[in-house]
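Dear colleague,

Please find the structure below, handed over for your work. A summary of what was found in it follows.

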Amino acid sequence: MKIGLDAGHGLKTAGKQAPNGIKEWEINDRVRDKVVALLKDYDVEIINTDNDEGNIDEGLTTRRTMYVNPKVDAFISIHHNAYNGNWNDVTGVEIYTDKNPTSKDTELANAIYKNLPSYTGLKGRGIKKANFTVINQNQIPAVLVEGGFIDSNIDHKIITSNEGQEAYARAVAEGLIEFLELKKKVIASNDKEVTPYTVKIKSDDGFLNVRQEPNSNSTIKATVKNDEVYTIVAENGKWGKLKSGVGYIHLGFTERTDNVNKPTHSYYPACNKKYTSIVAALKSIGVNSSFDNRKKIAIKNNIKDYTGTAQQNTQLLTKLKAGRLIKA
């Protein structure tokens with residue numbers, strides 16, 4: 001399953017801020033990140049359609065193309081409303097579908113809206129229709145959610161709080177889980193994490209099957225050859241889980257090679273998603289993606305004088321995707 005998530009606008013978008021200067025995108029982005037966190041145990045791929053750091057307000061048509069082209073299964077644009085830019089007492093949450101919604105648009109909107117007012121504690125303003133470019137297509141179920149008014153005396157304290165943002169995100173995440181009938185990732189319950197160590201394949205057959213699950217009746221995902229060295233990151237009885245995540249090998253047909261390719265550092269888990277941004281990739285595995293933390297990571301990985309250039313970020317991203325990015 002693929003889900004498109006959009007934090008509306010950007011840090012430099014004119015007018016999209018509360019009277020006290022807080023940018024709408026900042027709040028949108030926090031809610032979107034919380035939705036991602038709530039879905040981390042489900043078998044989904046997240047497609048982000050806004051600029052990761054908010055520095056660019058991606059065009060609405062561009063955002064739409066970014067989720068339509070990958071053919072996501074649902075798209076949500078996260079927003080917060082505004083009345084007149086001055087403090088006022090207007091309040092409430094609402095959801096928009098396209099002006100001419102499909103039945104799936106309406107179903108998705110209902111799945112999210114049914115919990116949105118009660119979870120946030122804000123007035124429900126209903127499900128509405130509008131010709132918003134970002135959701136104006138009839139190929140993919142898409143809605144735009146307004147999680148309260150940034151210029152409201154009533155809403156502002158809620159939508160800027162961690163609790164309020166968690167509530168908004170939970171309504172969205174639970175709506176997506178219901179609408180898409182999402183299933184949690186299958187994880188072997190008896191896996192025991194171990195300090196990573198290396199083994200060399202030693203089988204009478206000259207090769208060893210890699211199984212999807214830690215048992216000999218499980219699906220064969222790959223084969224490994226004698227004398228090849230692999231890193232084990234977890235154990236399940238007599239089975240070892242490969243660092244690549246492809247599956248398990250029977251440790252009875254291996255020998256420990258602790259002095260061969262022995263890890264000397266602690267590494268971040270490999271990010272196998274097709275991210276083009278180190279910021280998005282770090283966020284996806286729950287790592288602080290701020291500039292200051294990226295600078296610390298860069299130093300640890302021998303990338304000198306880190307200033308966040310495209311070349312430096314590509315170096316970090318390449319290491320992360322390969323599972324070779326050393327933890328700061």
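The accessible surface of the chain comes to about 16,600 Å², and carbon and sulfur atoms hold 47% of that area. Please note that this is a predicted model.

Several other overall values may be useful to you. The C-alpha trace spans about 75 × 50 × 35 Å along its principal axes. Of the 328 residues in the chain, 45% are buried. Among the contacts with a separation of 6 or more, 73% are between residues 24 or more positions apart. As for charge, there are 46 positive and 39 negative side chains, and the centres of these two sets lie 3 Å apart. The secondary structure consists of nine helices and 13 strands.

I turn next to one loop residue. Gln-139 is found in the loop that connects strand E5 (124-129) with strand E6 (142-149). Is Gln-139 buried or exposed? Its relative accessible area is 61%, and a residue counts as exposed over 50%, so Gln-139 is exposed. Measured against His-156, the separation of Gln-139 is 17 residues in sequence and 35 Å in space, from C-alpha to C-alpha.

Helix H6 covers residues 162-180 and permits a simple check of its length. The expected span is 1.5 Å times one less than the number of residues. For the 19 residues of H6 this gives 27 Å, and the end C-alpha atoms are 26 Å apart, so the two values agree. Directly after H6 comes Glu-181, whose phi is positive, at about 55°.

The remaining findings concern three strands, with E10 as the common partner. How many bridges link strand E7 to strand E10? E7 (residues 192-201) and E10 (residues 229-236) are paired over six bridges, in the antiparallel sense. In this pairing, Glu-193 stands opposite Ala-234 of E10.

E10 is also joined to strand E11 (residues 239-242), again antiparallel, by four bridges. Here Ile-232 has Leu-242 of E11 opposite to it. E10 and E11 form a hairpin with two residues between the strands, and in that hairpin Gly-237 has a positive phi near 65°.

E10 therefore has antiparallel partners in both E7 and E11.

With kind regards

Methods
Residues are numbered from 1 along each chain as its sequence is written. This is a predicted model: local features need pLDDT of at least 70, side-chain atom pairs count only at pLDDT 80 or more; totals for chains, interfaces and linings use all residues. Side-chain values use heavy atoms; hydrogens and water are left out. Buried means under 20% relative accessible area, exposed over 50%, partly exposed in between (1.4 Å probe, protein chains only). Contact means heavy atoms within 4.5 Å. Accessible areas come from the Shrake-Rupley method with a 1.4 Å probe; for residues, only the protein chains shown count as cover. Lys and Arg count as positive and Asp and Glu as negative; His and the chain ends are not counted. The place of a charge is taken as NZ of Lys, CZ of Arg, CG of Asp or CD of Glu. Two strands pair if DSSP finds at least two bridges between them.
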